[in-house]
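User: I have a model open and would like to understand the labels attached to it. Could you take me through the reasoning behind them?

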Amino acid sequence: IDPSSHKIRNIGIQHVKQQIYDYIAIEGLKPLLCRIGVHQYASIKDRGCLKGSRIIQRWMRNKSLKYFSKLDIRKCYPSIPQDKLIQFLEKHIKNDMLMWLIKELVNSFEQGLSIGSFLSQYLCNLYLSQIYHFIGHLHKVRRHKDGTKSSIRLVYHRLFYMDDILMIGTSAKNMHKAVKEVIKYCKSLGLKIKESWFVKQMPFANKKCDGAFIDMMGFRIYRTHITVRRRVFKRIRRIAMRLWKRIKTHHKIFESHARKIISYWGLLKNSNSTKVIQKYHIKDIMKICKKVVKEYDKISLYGKAAFC
């Protein structure tokens, strides 16, 4: 059970030999990885949550872009058809030995791709790159009174965070049309878009609207600032208050609590959370928790070395 979203996920535990073969397959796939879109994030080097959130905020500052839509693929990894994935790879890979290796690795999974496999994240990004490039070519033809025609883009910007899709455009009508086309194309790939997709108006500085922020990549992204998600903030506040109380009363700091607050530091540091850091004494807590983790790691390291 995923502790953050409370979803049930089947995590694959691979043998060491299969993990080594995953790395060999990815080395062979490197020339093909250039097909992955520029704004496809997650599991790719130098393309993390922070960079993606900054890109979205930059797009939001363009006042000509008035609407955005957000879609999510239902059970992305398990739902990818293995036969269609192999057909897609065979079109672009002409190395028989590499294709044999990829087939053997993919066929070892019970259904679709396995969560937890190093190879799965790259194959998923490659397979979804078809949708990414399809969205980039979506357009409509407008006929003018003088008999001429012009092509108008339905989507001006798109961003993928693994199976989360964000599209930004200038018209609500065009966005709804683009979403319907994407749903049809996903069906042809054996994928299904969740019914919870929506089209909302972009937030403006001088008025409130239903799309006050874009919730993606663990952040709430506004035109002027970035904040942490509400449910994540509640967890941060809870653990911070608990740790500060133990520090003030000179009680022992547990290793699990120390590691938990350290893992949240990146979210606070890279968002507009200065007042939160000051109010809950996050910097003081971090100094003590880092020392606690350091001592625990020293004990475990030296203890194992002495045992050996």
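User: What makes a residue buried, and what share of the 308 residues in the chain is buried?

Analyst: Buried means under 20% relative accessible area, exposed means over 50%, and partly exposed lies in between, using a 1.4 Å probe and protein chains only. By that rule, buried residues make up 43% of the 308 residues in the chain. Please keep in mind that this is a predicted model, where local features need pLDDT of at least 70 and side-chain atom pairs count only at pLDDT 80 or more, while totals for chains, interfaces and linings use all residues. Residues are numbered from 1 along each chain as its sequence is written, and side-chain values use heavy atoms, with hydrogens and water left out.

User: How many helices and strands are in the chain, and what counts as one?

Analyst: The chain has eleven helices and ten strands. These are DSSP runs numbered from the N terminus: H or I over at least four residues for a helix, E over at least two for a strand. The C-alpha trace spans about 80 × 60 × 30 Å along its principal axes. Among contacts (heavy atoms within 4.5 Å) between residues at least 6 apart in sequence, 70% join residues at least 24 apart.

User: Why is helix 1 called oblique to helix 5?

Analyst: Two packed helices are described by the angle between their axes and the distance between the axes. Axes are lines fitted to C-alpha atoms, for helices over the stretch in contact, and angles run from 0 to 180 degrees between N-to-C directions. Angles under 35 degrees count as roughly parallel, over 145 as roughly antiparallel, 65 to 115 as roughly perpendicular and the rest as oblique. The axes of helix 1 (residues 16–29) and helix 5 (residues 96–107) come within 10 Å and cross at roughly 135°, so the pair is oblique. Residues making the contact include Tyr21, Ile24 and Ala25 of helix 1 and Leu98 and Leu101 of helix 5.

User: What makes helix 4 and helix 6 roughly perpendicular?

Analyst: Helix 4 (residues 82–92) and helix 6 (residues 118–136) pack at an angle of about 80°, with their axes 11 Å apart. That angle falls in the perpendicular range, so the two helices are roughly perpendicular to each other. Leu85 and Phe88 of helix 4 and Leu123 and Tyr127 of helix 6 are among the residues in contact.

User: How do you know that Cys76 is in no disulfide?

Analyst: A disulfide is a pair of cysteine sulfur atoms within 2.5 Å. The nearest cysteine sulfur to that of Cys76 belongs to Cys124 and is 3.5 Å away, so the pair does not meet the cut-off. The structure holds zero disulfides. Cys76 is buried at a relative accessible area of 4%, and Cys124 is buried at 0%.

User: What is notable about phi at Ala42 and Ser43?

Analyst: Most residues other than glycine have a negative phi, and most peptide bonds are trans. Ala42 has a positive phi of about 85°, and Ser43 has a positive phi of about 65°, although neither is a glycine. Ala42 lies in the loop between strand 1 (40–41) and helix 2 (49–60), and Ser43 is also found in the loop between strand 1 and helix 2.

User: Why is Ala42 called buried, and what is Ser43 called?

Analyst: Ala42 has a relative accessible area of 12%, so it counts as buried. Ser43, at 32% relative accessibility, counts as partly exposed.
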